[in-house]
Structure formats: structure tokens, C-alpha cells
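Welcome! Please take a moment to look over the chain below, and then we can walk through it together, topic by topic.

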Amino acid sequence: MRAAVLLAWFGSLFLLADSEEQRIPEEKLLVLTVATQETDGFRRFLKSARNFNYTVKVLGRGQKWSGGDYMSAPGGGQKVRLLKEALQETKSEDQVLLFTDSYDAVFASGPKELLRKFQQAKHKVVFSSERLIWPDRHLEDKHPHVREGNRFLGSGGFMGYLSNIREMVSNWTGEDADSDQLFFTKIYVDPDKRKSINMTVDSRCRLFQNLHGALDDVVLKFEDGRVRARNVLYDTLPVLIHGNGPTKLQINYMGNYIPKSWTFETGCTVCQDDLRSLAALKDSEYPLVSIGIFIQQPTPFVSVFFERLLKLEYPKDRLKLFIYNQEPHHEPQVSSFLRDHGGLYQDVRSITPKEDMDSAAARDLALDICRKDADCDYFFNLDIEVVLKNEKTLKILIEQNLPVVAPMITRAGRLWSNFWGAVSAEGYYARSEDYVDIVQGRRVGVWNVPYVSNVYLLKAHLLRSQLKDSAVFTSHSLDPDMAFCHSLRSAGVFMFVTNMQTFGRILSTENYQSTHLHNDLWQIFENPVDWEERYIHQNYSRIMRDKVLTAVPQPCPDVYWFPVFSDVACNHLVEEMEHFGKWSGGGNTDTRIQGGYENVPTIDIHMNQINFEKEWQKFLVEYVAPITEKMYPGYYTKAHFELAFVVRYRPDEQPSLRPHHDASTFTINIALNQLGQDYQGGGCRFLRYDCSIQAPRKGWALMHPGRLTHYHEGLPTTAGTRYIAVSFVDP
């Protein structure tokens with residue numbers, strides 16, 4: 001009995017050893033692919049092959065593609081012809097060949113696993129399988145049934161021994177535009193030929209995964225610092241993933257991860273590959289960039305946009321500007337910028353509203369100017385609503401060395417961004433599984449996406465090769481941005497978005513009115529971050545830190561002053577009031593207030609007269625109420641007001657204000673211009689404390705209790721004109 005057990009044990013060892021000896025050596029595997037052009041997809045395929053040390057031989061390199069457009073119709077016969085020719089030159093009969101498409105395929109694992117699974121298939125030739133039959137549905141019944149999985153043959157990937165594949169293609173006499181899929185299918189459905197060649201299909205997708213018809217079956221599997229595609233229907237991990245048919249965007253998405261481009265353990269592992277450094281270049285050696293600036297609608301903070309453009313870290317004599325303005329409202333700002341700074345740039349081309357050119361035509365013209373300029377290296381699209389905070393953005397994008405790359409920008413407080421993670425079958429927005437993580441910065445990297453807009457960098461050589469058509473943005477059915485991205489996708493050009501750095505944001509142009517002198521003042525609701533940067537004093541945030549609160553000046557008992565408005569805010573509010581021009585007469589009769597009588601009148605304009613009361617209320621809530629609650633512990637305000645107005649003091653008009661109490665719990669008084677520079681005199685005296693305050697600095701707020709304790713008067717303005725913004729809060 002013991003002898004029998006030992007004999008069985010030795011026998012199993014012998015069989016195992018024999019099995020090990022019969023494994024196909026990895027050096028016997030040769031990958032063959034046809035690539036007449038080195039597309040972005042082809043380069044991705046080679047990169048994944050190098051990652052696993054596959055040996056790849058490229059067929060048809062540099063030849064003209066004559067195999068048809070088999071995205072919409074059968075084709076691909078040129079691949080069979082090139083394969084047949086290559087096999088005639090190959091002599092090693094024991095070699096194993098993998099023949100695969102490459103523009104839309106990536107390896108998820110290495111030769112060892114591929115060869116093991118090939119041997120386990122126990123056939124000499126193994127084709128990828130598909131759930132859908134193509135191109136001849138009449139052959140459906142002739143396909144042999146399988147125990148489990150897909151019945152139909154896919155010609156985008158197959159592997160087998162050299163002699164068997166040579167036999168399989170030996171009878172090819174078709175044209176280059178004939179269908180390779182139909183050719184191989186007819187061999188497969190012929191029982192005699194199938195048996196002679198000893199061929200089968202990878203029905204459970206252990207070697208090959210075709211995505212067409214199987215998108216719901218395939219998920220990404222993150223594990224141990226690498227990423228696989230897992231077929232959940234058959235619980236398999238395919239080695240080669242193929243985005244056949246209309247699944248190019250899905251393979252692009254998977255290629256962001258497979259095999260280990262991005263993992264949870266490592267983050268992005270390829271983001272520093274193939275960079276183009278600018279560090280050693282002299283200014284005169286920098287690539288020449290054409291910047292296209294597009295103004296299509298009334299947009300807030302246009303002046304700030306041009307200020308930021310000037311701060312862009314890039315030699316200005318290596319920049320050419322193309323400025324398209326469709327909006328007459330913004331002509332003064334464009335003209336001012338060109339007048340003051342246009343000479344800094346190598347060249348400037350401006351399209352005005354009078355030229356009546358539509359957006360698509362203007363964008364196509366901008367590309368065409370770069371296309372025809374042999375010195376143009378890049379085109380940088382920059383829509384006017386882009387807030388580019390990172391002054392190194394252009395350098396960063398150039399160094400990424402990608403065909404088309406966009407810096408990720410978002411809209412403050414929302415999930416809106418300038419890229420789409422996916423598109424629907426109709427070409428419109430769809431959300432990818434990783435979109436929110438990318439936008440919110442939980443996944444950081446450089447991402448292949450199907451759509452970018454507003455701000456992106458494009459290599460100019462694409463305009464002279466894949467994008468020769470002058471109507472890249474023009475479409476009868478698509479908006480210009482969608483038409484542009486469709487043109488790129490159709491040409492096989494990859495688009496990328498990077499969130500490796502923080503670049504900026506995009507403005508909301510909704511509800512932007514152009515009926516005022518300084519319309520940006522009204523943007524506190526739609527674009528609060530930009531409003532704050534433009535109009536709130538740069539030192540305001542310091543006073544909200546506890547360690548600084550004790551340093552807030554208290555010139556009189558329970559009277560505080562603090563910085564709140566920027567110089568720009570002060571100037572804009574004064575200019576807005578003077579532009580409105582309907583100053584009160586300074587008499588007691590005042591029809592603007594309830595009751596029609598003002599006990600302590602001033603020459604002023606109320607905020608509601610310029611439709612600014614809601615914005616002023618928001619300003620008080622966001623920027624004044626927090627200071628009030630810090631300075632007056634235990635008091636909480638909702639910043640309600642009945643009166644908020646701008647007062648004008650002049651020696652020959654109304655120089656001062658008699659002693660009075662304010663009809664408020666507390667009062668805010670903001671200096672809108674500068675003592676000494678704009679006027680002389682002014683200030684406030686609190687009679688109970690016999691405490692006088694010289695007029696505060698421009699943009700500083702004076703805050704004091706209104707009723708009962710702080711009886712006060714306005715001191716005379718002796719020269720010039722003094723402006724203050726007053727609010728009686730919590731009346």
C-alpha cells in the first residue's frame with residue numbers, strides 16, 4: 001500500500017516536471033501588428049508592450065493605409081496581406097505569434113500568463129471572441145456552439161503557431177479593402193478547415209477582451225499596485241484589451257489605468273514620462289505659441305483676465321495673439337489692453353464685433369493662421385471666462401509634451417469642469433466613473449479624455465498632418481467646442497487633462513448684466529471667489545485669525561476699524577454712483593425713505609437706487625457680520641438694513657454732519673477715497689467720549705454702535721470731495 005502511494009507521488013512529480021519542460025519559452029513569442037501611422041493609440045500600445053517586455057514587430061510602417069474605414073463598413077484586408085508577406089520571411093517553425101490591432105489595444109499582463117493561457121486552450125490557433133457577429137449575420141448558425149461564453153470570432157486579436165497561421169492565411173487573395181473578419185470567419189465556420197488548422201475562439205475572454213458588446217461585463221480591478229480588466233460575467237482576467245468598433249473611448253478610459261499608469265498605491269506612474277524641459281532654453285529659444293483669445297458673450301472680470309495674461313510666465317516676444325471679440329460691450333477693455341501692451345508681443349491680430357464673424361469661423365481662422373505659419377509650434381486656446389491663476393500654466397503644458405492637453409479648471413463650489421470623462425453615443429456629456437474623483441483631486445494625474453474646452457494647448461504639427469481640414473470647429477449639428485473634439489477623436493488624436501497642479505477656475509457668465517458702468521460689482525452671487533479677489537482688501541483675511549484680533553485698532557471705546565474694500569472696489573463704487581448721478585439734495589424731505597422725512601439728511605445715493613441692495617446685503621453678511629461677532633461677543637447679526645447709501649461731502653455742498661444717533665444697532669462707515677490725496681479734513685467725533693477719529697484709510701471700515709451710547713458728528717471736509725459708504729445695520 002505504502003509503495004503504491006509512493007509510486008503515485010513520484011508519478012505526479014514526473015508529470016509536473018514534464019509539464020514544466022513543455023511550457024513555451026517567452027522568447028518564442030513574437031507580437032505582430034499593423035501600423036501604417038504612428039498614432040497616439042499605437043504609441044500607447046507599444047508602451048504597454050514594453051512594460052511587459054513583449055517583442056513587437058510592426059508591419060506596414062510608413063505605407064499608405066488602403067484597408068478601408070472598417071469602423072462603419074467591412075475592411076482590413078490589408079492586414080491579412082501584410083501578415084501573409086511577413087510569414088513568408090519567418091523561418092522559425094516553432095515560433096508562437098500574436099497578431100493584434102494596436103491603435104486601440106493595451107496589454108494588461110505579460111507573455112508568461114498569455115502563453116500559459118494559450119496552452120490551456122489546447123488548440124494551435126486561438127482567436128478573440130465576440131458576443132456580436134460581424135459582418136455577415138447570415139453565418140450565425142454556422143458558428144459552432146461553445147460550452148460557455150461568446151460564440152463569434154473576432155479578428156482583432158489571435159495567436160497561434162507559425163505553421164498553423166501560415167496555413168490559415170495561405171489562401172488569401174483578396175483586396176486590401178476586403179474584410180479580414182469575414183475571411184477568418186469563413187475559415188472558422190468551415191468544419192474541415194477549422195479542424196485542419198486546429199483553431200478555436202477564446203470564448204471566456206481569458207486571453208482577449210473585445211469591449212464591443214461587453215462594456216457592462218468589464219470593470220477595472222485595482223490590486224497590489226497594478227490594474228487589470230476583469231470580466232465579471234466569466235470571472236476572468238484577460239491579457240489583451242481591445243477597444244474594437246465603437247469602444248475607442250472606453251479603451252482610452254481603461255488606458256488611464258491599465259496596466260499600472262495610475263494606481264491607488266502609487267498614484268500616476270507615467271506623468272513624468274517623455275517630458276519636454278524648457279529649463280535650459282534662452283528666451284529666444286522658447287517654442288513660438290499662438291494664443292487664441294475668444295470673447296463670445298458679456299463676461300465678468302475681463303480687465304482682470306488681461307491683467308493675468310500679462311503675468312503669464314513666458315517670453316512675450318515668443319507669443320502671438322489672436323483676439324476675437326464678438327461683444328461690443330468689451331471693446332473698450334480689448335482696445336485698452338492692445339493700446340497699452342500690444343507692442344510687447346511678437347504679433348497681434350484682432351477681430352472686432354464690426355467684422356461680424358461667428359465663433360466657429362473665428363476659431364478655425366485662428367488655427368489656420370498657426371497652421372500656415374511654419375514657425376508656429378503650439379496653439380494655446382484661452383477663452384475669456386477662464387481664470388488662469390497659475391502663471392506657469394503655459395510652460396507646464398508645453399513640458400507635458402502631449403498632442404492636446406488642458407489644465408483642469410473648475411467652477412467654484414460645483415462639479416463643473418472644462419473636460420468630460422465620457423461622452424454619450426450621441427456625442428454629448430456623460431459622466432465617467434472617475435470624474436468626481438478627478439475634479440475633487442482624489443485622483444491626480446494626466447488623463448486621456450474625450451472632450452476638453454475653454455483652455456488647452458495643441459501641438460501645431462497636428463494642424464499640418466491629422467487636422468489639415470480648415471473647418472475643425474465648424475459643424476452643421478454640433479457646437480464649435482464639440483465639433484473640435486469630434487474632429488480630434490475622428491483623427492485618432494488623444495486629448496488629455498492634467499490636474500497635477502492647481503491652475504484656476506472658470507467664471508459663470510449666467511445672469512451677467514451689462515447695464516451698469518462697473519458690472520463686475522454685481523457678481524458677488526455668481527462668481528463670489530472672483531468678486532472677493534477683486535473687491536475685498538488683501539489684508540481682510542488676517543483679521544479673522546484669532547491671534548490678530550487683539551491688533552484690530554479701537555480708536556474710541558467700542559469703535560473699531562478694519563480693512564474691507566480694495567482700492568478697486570472703492571473706485572468702482574464711487575464711479576458707479578457718479579455715473580448714476582442722482583444725488584439727493586440734502587434736505588429733510590426725502591421720498592426715498594418711509595415717511596418721507598429725514599431727520600439728519602446727507603447728500604447721498606441709496607444702494608437700491610442702483611439695484612445694488614441684494615449684493616450689499618450679501619457683502620454685509622459675508623464680510624462684516626463675522627467681524628461684528630468677533631468684536632462684540634455675544635451679539636449675532638443677520639446684517640439686515642433699511643438704509644445703505646454712499647455719502648458725498650464737499651466744502652461747498654455739504655461739508656459735515658450735525659450730532660446725531662444712528663437708527664441702527666451698529667453702523668458701518670467705509671472710506672471710499674484717500675485723505676490727503678482726494679480731500680482734506682473729515683472724520684468723526686463721538687461726543688460722549690470726547691473722542692475724534694481722523695478719516696480712516698481708503699477701503700477701511702469704521703464700525704460703532706448706533707443708538708444710545710455713540711452720539712456722534714461728521715467733522716468738516718475742508719477741501720476736495722470725500723465719499724463714504726454707510727450702512728445702518730439691524731435697525
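**A cis proline and its surroundings**

Let's begin in a loop: P259 sits between helix α8 (248-255) and strand β12 (262-263). The peptide bond that joins I258 to P259 is cis, with omega about -5°. Keep in mind as you read that this is a predicted model.

**How confident is the prediction?**

- The mean pLDDT of the chain is 93, and 96% of its residues reach 70 or more.
- Residues 3-21 are another matter, as their pLDDT is below 50. Beyond near neighbours in sequence, this stretch has zero contacts in the model.
- Where pLDDT is low, the predicted coordinates should not be read in detail.

**The nonpolar cores**

- Which residues have the most contacts inside the largest nonpolar core? They are I241, I258 and F419, in a core of 53 residues. You have met I258 already, on one side of the cis bond to P259.
- Helix α11 (residues 359-372) provides the largest share of this core, with five residues.
- Try picking out F419 in the structure: leaving aside its neighbours within four places in sequence, F419 is in contact with M408, Y435, I438, V439, V449, Y451, V452 and V497.
- Another core lies apart from the largest one and has 49 residues, among them F301, Y540, M607 and Y723.
- In soluble globular proteins, nonpolar side chains tend to be buried together.

**Helix α14 and what covers it**

- Helix α14 spans residues 480-490, and its residues M482, A483, F484, C485 and L488 are buried.
- What covers the buried residues of α14? The cover includes the strands β19 (404-407), β20 (419-420), β24 (451-452), β25 (455-459) and β26 (495-498).
- After α14 comes G492, which has a positive phi, near 75°.

**The second largest pocket**

- This pocket has a volume of about 950 Å³. Of the 36 residues that line it, R44, K47, D274, L402 and F496 are the closest to its centre.
- Two elements, α2 (40-51) and β23 (446-449), give two or more residues to the lining of the second largest pocket. Helix α2 gives the most, with eight residues.
- How do the lining residues of the second largest pocket divide by type? There are 15 nonpolar, 12 polar and nine charged residues.

**A second cis bond**

- The peptide bond from W134 to P135 is cis as well, with omega near 5°.
- To find P135, look in the loop between β5 (125-130) and β6 (152-161).

**Positive phi outside glycine**

- K122 is a residue other than glycine with a positive phi, near 60°. Its place is the loop between α4 (111-120) and β5.
- Is K122 buried or exposed? K122 counts as exposed because its relative accessibility is 68%, and the cut-off for exposed is over 50%.
- N611 is also a residue other than glycine with a positive phi, near 60°. You can find N611 in the loop between β29 (604-606) and α18 (613-631).
- With a relative accessible area of 52%, N611 is exposed too.

Notes
Residues numbered from 1 in each chain as written. Predicted model: local features only at pLDDT ≥ 70, side-chain atom pairs only at ≥ 80, totals over all residues. Heavy atoms only, no water. Core = buried A, V, L, I, M, F, W, Y, C linked by side-chain atoms within 4.5 Å. Buried < 20%, exposed > 50% of the residue type's maximum accessible area, 1.4 Å probe, protein only. Helix = DSSP H or I, 4+ residues; strand = E, 2+ residues; numbered from the N terminus. Contact = heavy atoms within 4.5 Å. pLDDT = per-residue confidence, 0-100. 1 Å grid on protein atoms, 1.4 Å probe; cavity = no way out; pocket = protein on both sides within 12 Å on 5 of 7 lines; lining within 4 Å. Points joined across faces, edges and corners; volume = space filled by probe spheres on them. Nonpolar A, V, L, I, M, F, W, Y, C, P; charged D, E, K, R; others polar.
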